[in-house]
Amino acid sequence: MAEMFALALANLTSPAVLFFALGVFAGVARSDLAVPEAVAKGLALYLMLAIGFKGGVAVAEQGLTTTLMLAALAGVVLSFSMPLIAFALLRIMTSLDRATAAASAAHYGSISVVTFVAGAEFLRLSGIASSGHMVAVLALMETPAILTGLLLAGSGAAGGDKRTRGELVREVMLNGSVVLLLGSFAIGMISGPAGMTKLEPFVVDLFQGVLALFLLDMGLVAARRLSGARRLGLGGVVFGLVMPLIGAGVALGVAVLLRLSVGDAAALMILSGSASYIAVPAAMRIALPKADPAVYLTLSLAITFPFNLTLGIPLYTALARAVLGG
């Protein structure tokens, strides 16, 4: 328990989290502080490029292994299945309509790239090594949950119009974050350590500063979404805090079965405990136009994301250490 509190305190006092808190404060206080949209998008692109490239280089050094394949399969299964749990809980704990509950549930099978990036940095600063192939697992977990969400929505899904279905398939398969992550991961694998030598000043030395600025913007965005919590009610707010714990707990069980390392187990828990606020909202906008975006964005961005960033990541790390040793 003491170790868990020490990890939580270290995370809460890290520059990235403090910049996120500054953004929330500025947003709540209605300051005119703002990060231009084009700059925020550029920061997000940088983070995905950097984490993908570093993961690819790590795999190039380690080689393709059975552990990588098993972790990838586990990630896909988790992404498909977690929305089922989320949907059942939302129907019990809230009065959301079926379409909105299904769209919200899909967010909890997919992942948050920024949560993973913050978690990977936390693990690195804590001296815990995670494998580079977890970036590939991240990319694979982004989209299966969308399909589960559409199945849960049933007749509420926009499945009859061929043009709409085509737009959805394109949105899912060519989502910018997936393309950039997998593309930079492949480039990292091909170029290997020699490529890292050339890009190290860009993808390593600048990383912490860019992450801090991006999280400042995320704090501002999250503060603007806090008003949507009223529509969720107490049950919805509780769900947004409990569901990441359930996702991380299931992932820990999978990690034990696969005998993953402490670092990989913690990374899988961070992924499974996170909630998408980029890829899934874009797809749900097309597939489930009747679903209320104010609800699912509030859940993922204003409730679950801050919880994971401040308390969830150190909690998952401490649990992985306690169960797997290290």
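**Helices, core and surface of an all-helix predicted model**

In helix 2, the buried positions are Ala 16, Val 17, Phe 20, Gly 23 and Ala 26. The model described here is a predicted one. Helix 2 covers residues 15–28, and its end C-alpha atoms lie 20 Å apart, which agrees with the 20 Å that 14 residues should span at 1.5 Å a residue. Spacing along a helix helps in reading such a list of buried positions: an α-helix has 3.6 residues a turn, so residues three or four places apart point the same way.

Just beyond helix 2 comes Arg 30, with a positive phi near 60°. This arginine sits in the loop between helix 2 and helix 3 and is exposed, its relative accessible area being 77%. Most residues other than glycine have a negative phi, and Arg 30 is not a glycine, yet its phi is positive, about 60°. Arg 259 likewise has a positive phi, near 60°, without being a glycine. It is found in the loop between helix 12 (229–258) and helix 13, and at 75% relative accessibility it counts as exposed. A glycine takes the corresponding place after helix 3: Gly 63 follows that helix with a positive phi near 85°. Helix 3 itself runs over residues 37–62, and its 26 residues reach 38 Å from the first C-alpha to the last, close to the 38 Å expected at 1.5 Å a residue.

Taken as a whole, the protein chain contains 15 helices and 0 strands. Of its 326 residues, 55% are buried. Among contacts with a separation of 6 or more, 90% join residues that are 24 or more positions apart. The accessible surface of the chain comes to about 13900 Å², and carbon and sulfur atoms account for 68% of that area.

The interior can be followed through the largest nonpolar core, which holds 98 residues; Leu 215, Met 218, Met 284 and Phe 305 touch the most other members. Helix 15 (residues 293–324) supplies the largest share of this core, with 12 residues. Leaving aside residues up to four places away in sequence, Phe 305 touches Phe 20, Ser 112, Val 114, Thr 115, Leu 215, Met 218, Tyr 277 and Ser 300. Phe 20, one of these partners, is also one of the buried residues of helix 2.

A charged pair is found in helix 6 (residues 113–125), where Glu 121 and Arg 124 lie 3 residues apart, about one turn of the helix. They form a salt bridge, with the closest N and O atoms 3.0 Å apart, and the count of salt bridges comes to 1. Glu 121 is buried, at a relative accessible area of 8%.

Gly 263, in helix 13 (residues 262–273), is buried too, with a relative accessible area of 2%. Its C-alpha atom is separated by 9.0 Å from that of Ala 120, 143 residues away along the chain. Not counting residues up to four places away in sequence, Gly 263 touches Leu 123, Ile 128, Ala 129 and Ser 130.

On the outside, Leu 64, Met 69, Met 189 and Ile 190 make a nonpolar surface patch of about 440 Å². Within this group, Met 69 belongs to helix 4 (residues 66–93). Met 69 is partly exposed because its relative accessible area, 48%, falls between the 20% and 50% cut-offs.

Conventions: Residues numbered from 1 in each chain as written. Predicted model: local features only at pLDDT ≥ 70, side-chain atom pairs only at ≥ 80, totals over all residues. Heavy atoms only, no water. Patch = residues over 30% accessible without salt bridge, like charges linked within 9 Å, V, L, I, M, F, W, Y side chains within 5 Å. Areas by Shrake-Rupley, 256 points an atom, 1.4 Å probe, with all protein chains shown as cover. Salt bridge = Lys/Arg side-chain N within 4 Å of Asp/Glu carboxyl O. Helix = DSSP H or I, 4+ residues; strand = E, 2+ residues; numbered from the N terminus. Buried < 20%, exposed > 50% of the residue type's maximum accessible area, 1.4 Å probe, protein only. Expected span 1.5 Å × (residues − 1). Contact = heavy atoms within 4.5 Å. Core = buried A, V, L, I, M, F, W, Y, C linked by side-chain atoms within 4.5 Å.
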